[in-house]
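Dear colleague,

I am handing over the structure below, and my notes on it follow. Please read them beside the coordinates.

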Amino acid sequence: MDATQLIKGVLDLAVLAVLQAEDGYGYDVVRRLRSAGLDEVGDASVYGTLRRLFSAGALTSYVVPSDEGPHRKYYGLTPTGRATLHSQGKTWGVFAHTMSTLLEQAGVRS
Amino acid sequence: MTTIPMHTGVQSFVASVRAELADLSPEDLDELTSGLEADLAERLEDSPSDPSVLADPVGYAAELRAAAGLPPRGGPVPRAASGGVFAALGSAWRALWGRYVTLVRTHSWLRDAIHGWWVLRGLLIGVFLAQTVFFHSGRLGVLAGFVVALAASWWLARRAPRARGLVIVRLGAALAAGFAALALVASGWMSLPLPEIWPSNEPSSGTYVPEPGMYLDGAQVNNLFVYGPDGRRIDGARIYTHDGAQISLEPVWWSAAGSPPPRVYVFPYGVDGSDWELTEGWAPPLTVDPITPLSVSPSPEASAPVSPTPSADPTASPTPSASPSASASASARP
């Protein structure tokens, strides 16, 4: 299975998880996702997800001026975003456990 | 990270992406692409030899759009670039709406003010309904109208606040509220034709004042005909009520106006030569069937209150001597 399809389903959760540790701007989030192992994630998908999560009230944003280059737009979690991360994280945990059990029973080792 | 060189390739790439997203509202477009050049430049710094970075602006724009949850190009969103007055109006509206949404997001007190507006809108629509739809349905109807309007206003605000399909409904609600507000300002609250203050015949205290005259099953009684036990009509009869008042069919206010001369009312009207019509629709006969099995013994004290004391035993014979002082005694003979 193409990992890109899997990432689409959990990209919201992944972005929220990355921003839980520290606020970040668009490409910074991409870089942190990749360094965490999600190599297949697309830049544009992350930017679009950031914008959608912001519209949904899960993220807040602020502009950090820069003397050297263009201003950077940073994103951070709102209380709504933290609650979403918590609840979706639990859902993912149950789902992942269920899938692992199913695959173990089928004799597949992850 | 030090300086970020503005790659010409990056600039043209971003321009292409923006062109692909030209159908979006200015706010959406800015939101999606404002930091794009810096992000791409940094991306190129990380992997300068990656040819895929700036290869496909169309695919990049589509990915941005899909991830942001925006409709694909050519979707239901009207395109601002198509020209025309409506497109310009739509674009201006979207710009205003975007500014409004941003304002609300950044100023939390505005949210409370907007809640107040929902309630006010509901009340105003309630007034509008009271003036139109529920005009004849009384206080309960008006109250129901207010409740319905309030609930509808709240629902409208809560249900998909960004749904474009509800724009017409929203506009209609605002128009109705505006109409009601204008009516309120123009006429003042007290002169509003609300049913509870609609002028009526009833006094303000709400007590029931009966119509003058005598009524039977809702129809006015114009005349009374009295027949004796022998079946013959009694002309010139006087009829009294339980408290000794003489019955008159003339309206109360007639005799109450001024000081009426004391009068004797004899029934049926018209037999004493006055121009009162004897009857309408029914020809009163001079005689009806006599009540043969019943004998009525009138009391010698006719002025005493009438209190008939029928015998408990139907087979008993009349015994006038048993209670001569009784006002009346009636007994049936088998």
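**Confidence and contacts**

Chain B has an average pLDDT (the predictor's confidence in each residue, from 0 to 100) of 69, and 59% of its residues score at least 70. This is a predicted model, in which local features need pLDDT of at least 70 and side-chain atom pairs count only at pLDDT 80 or more, while totals for chains, interfaces and linings use all residues. Residues are numbered from 1 along each chain as its sequence is written, with chains lettered from A and ligands numbered from 1 in the order in which they are written.

The model scores are ipTM 0.82 and pTM 0.41. Within chain B, confidence is lowest in strand E6 (residues 329–332), with a mean of 42, and highest in H4(B), with 89; helices (H or I, at least four residues) and strands (E, at least two) are DSSP runs, numbered from the N terminus.

Where the chains meet, 20 residues of chain B are in contact (C-beta atoms, placed from the backbone, within 7 Å) with 17 residues of chain A. On the chain B side, helices H2 (26–33), H3 (36–46) and H4 (57–67) each give two or more residues, and H4(B) provides the largest share, six residues.

Inside chain A, helix H1 (residues 3–21) packs against helix H3 (residues 43–55) at an angle of about 75 degrees, with the axes 10 Å apart; the axes are lines fitted to C-alpha atoms, for helices over the stretch in contact, and angles run from 0 to 180 degrees between N-to-C directions. H1(A) and H3(A) are therefore roughly perpendicular (65 to 115 degrees) to each other. From H1(A), A:Leu11, A:Asp12 and A:Val15 meet residues of H3(A) including A:Val46 and A:Leu50.

Best regards

Methods
Contact = placed C-beta atoms within 7 Å. Parallel < 35°, antiparallel > 145°, perpendicular 65-115°, else oblique.
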